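User: I've got this model open and want to understand what the interface numbers rest on. Can we go through it together?

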2 protein chains.
Amino acid sequence: MSNTTPAEIAAAWQRERPGTPTESIEIVTPIWQLAKLFADDRARVLRAAGIDAATLDLLSVIRRSGPPYRLTTRELARRTLVTAGAISQRVARAEREGLIRRSPGETGRKSVVVSLTDEGHALIEGSVDSVLGREASLVAGLSADEKATLARLLAKLTADVRRRTSAADGS
Amino acid sequence: MSNTTPAEIAAAWQRERPGTPTESIEIVTPIWQLAKLFADDRARVLRAAGIDAATLDLLSVIRRSGPPYRLTTRELARRTLVTAGAISQRVARAEREGLIRRSPGETGRKSVVVSLTDEGHALIEGSVDSVLGREASLVAGLSADEKATLARLLAKLTADVRRRTSAADGS
DNA sequence: TCCGCTATGTTTAGGCCTAAACAGAGTAGC
DNA sequence: GCTACTCTGTTTAGGCCTAAACATAGCGGA
């Protein structure tokens, strides 16, 4: 029934291999577990709405960029955390389903702009509230103070990790 | 260069669709971003060690279960967050690489116990410290207090979300 | 003008995962 | 002793992703 907690994992390593550097486990492991819990739950909610998480992410980025709801694939790759190849595939799938439209970009360079179709716009309007509403209910167990503190620490950690993992260095 | 921050995403939704329930964004989004940053970084560290994250996870669970380093596939599925089918595939891959061994379980029911080979044991000993050490350095930007607070809030949130997503109900 | 460099996208090969269909091993009740 | 049911694992079909190989499109210097 109960899954292993991060604290138990760290304790198990210390018991089996005293001296193992386990300081990060109680931070990193729950982040992975939560990411998976949120992802699975979101997938379940979206299945009912006839859309998948990857497509929702794509349409969301375009939708909240505001009118005229158009972005180049380069911008899409920058604003989502996936590779250019993944964007290319997402766009192809969404285009096949009639949710977006591709058109050649005009300003210099070779470029492609992706824009929402009416169907795509309707689909995102109909699903974003249910997804975000559901997620708000999942974090409702924390008090306002706890949520603020957690958000602040996560923001700090994200900035730290991004700095330490990108480019050279690392120590 | 800079990626969009969760706070900017929430602000964008409020600008475009006033009233969108964005309370969860500054919690859920950074968790996903961090999970991906950690996963990518771990994959990079492991590539050098000749092992992948899925196999490391498998061997780790068996290793820290203690002597005699044997678990049934059912136990493996329970202790990792993946499906039984995924375990079956992970075990098949690891067996092909000579890292684990499969043998019929004796106690009642049909069951299969997975045990570490010497090669598997050596591989996990040689990589766990480098992975955990690297991750410790990634979270080193937080003070001891901040780490403790973050760990506590993440543990609480994980318990909450698990409770709210499992089984029926949800509201 | 020509050649090549750089910025952009797309395609391909392969990895890992989930859901669901399968299959085998015990167990329980008749 | 049989049949049905319930655990356990494995296999299959399909999805999404990354890395890397491929294409193109403009620009720029000689």
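User: How much area is buried between chain B and chain A, and what share do carbon and sulfur atoms give?

Analyst: About 7,200 Å², with carbon and sulfur atoms giving 65%. Buried area is the accessible area (1.4 Å probe) that two parts lose on being put together, summed over both. Before we go on: this is a predicted model, where local features need pLDDT of at least 70 and side-chain atom pairs count only at pLDDT 80 or more, while totals for chains, interfaces and linings use all residues. Residues are numbered from 1 along each chain as its sequence is written, chains are lettered from A in the order in which they are written, and side-chain values use heavy atoms, with hydrogens and water left out.

User: Which three residues supply the most of what chain B buries against chain A?

Analyst: B:Trp13, B:Trp32 and B:Arg64, and together they supply 10% of that area. The contact (heavy atoms within 4.5 Å) takes 72 residues from chain B and 72 residues from chain A.

User: Why is A:Glu125 with B:Arg17 called a salt bridge?

Analyst: The rule wants a side-chain nitrogen of Lys or Arg within 4 Å of a carboxyl oxygen of Asp or Glu. Here the N to O distance is 2.9 Å, so the Arg and Glu pair meets the rule. Across the interface of chain B and chain A, the rule finds eight salt bridges.

User: Which element gives the most to chain B's side of that interface?

Analyst: That's α2(B), with 17 residues. Helices here are DSSP runs (H or I, at least four residues), numbered from the N terminus.

User: Now inside chain A: what makes it two domains?

Analyst: The bounds come from an automatic or database domain assignment, which gives domain 1 (1-49) and domain 2 (51-162). Their C-alpha centres lie 26 Å apart. Between them, domain 1 and domain 2 of chain A bury about 940 Å², 67% of it on carbon and sulfur atoms. A:Phe38, A:Arg42 and A:Leu46 supply 54% of the area that domain 1 buries against domain 2, more than any other three residues.

User: How do you know that A:Arg42 forms a salt bridge with A:Glu135?

Analyst: Their closest N and O atoms are 2.9 Å apart, and the cut-off is 4 Å, so the pair qualifies. Two salt bridges are found across this domain interface. By class, the side of domain 1 that touches domain 2 has six nonpolar, no polar and three charged residues. In that scheme, Ala, Val, Leu, Ile, Met, Phe, Trp, Tyr, Cys and Pro count as nonpolar, Asp, Glu, Lys and Arg as charged, and the others, Gly among them, as polar.

Definitions and conventions. Helices (H or I, at least four residues) and strands (E, at least two) are DSSP runs, numbered from the N terminus.
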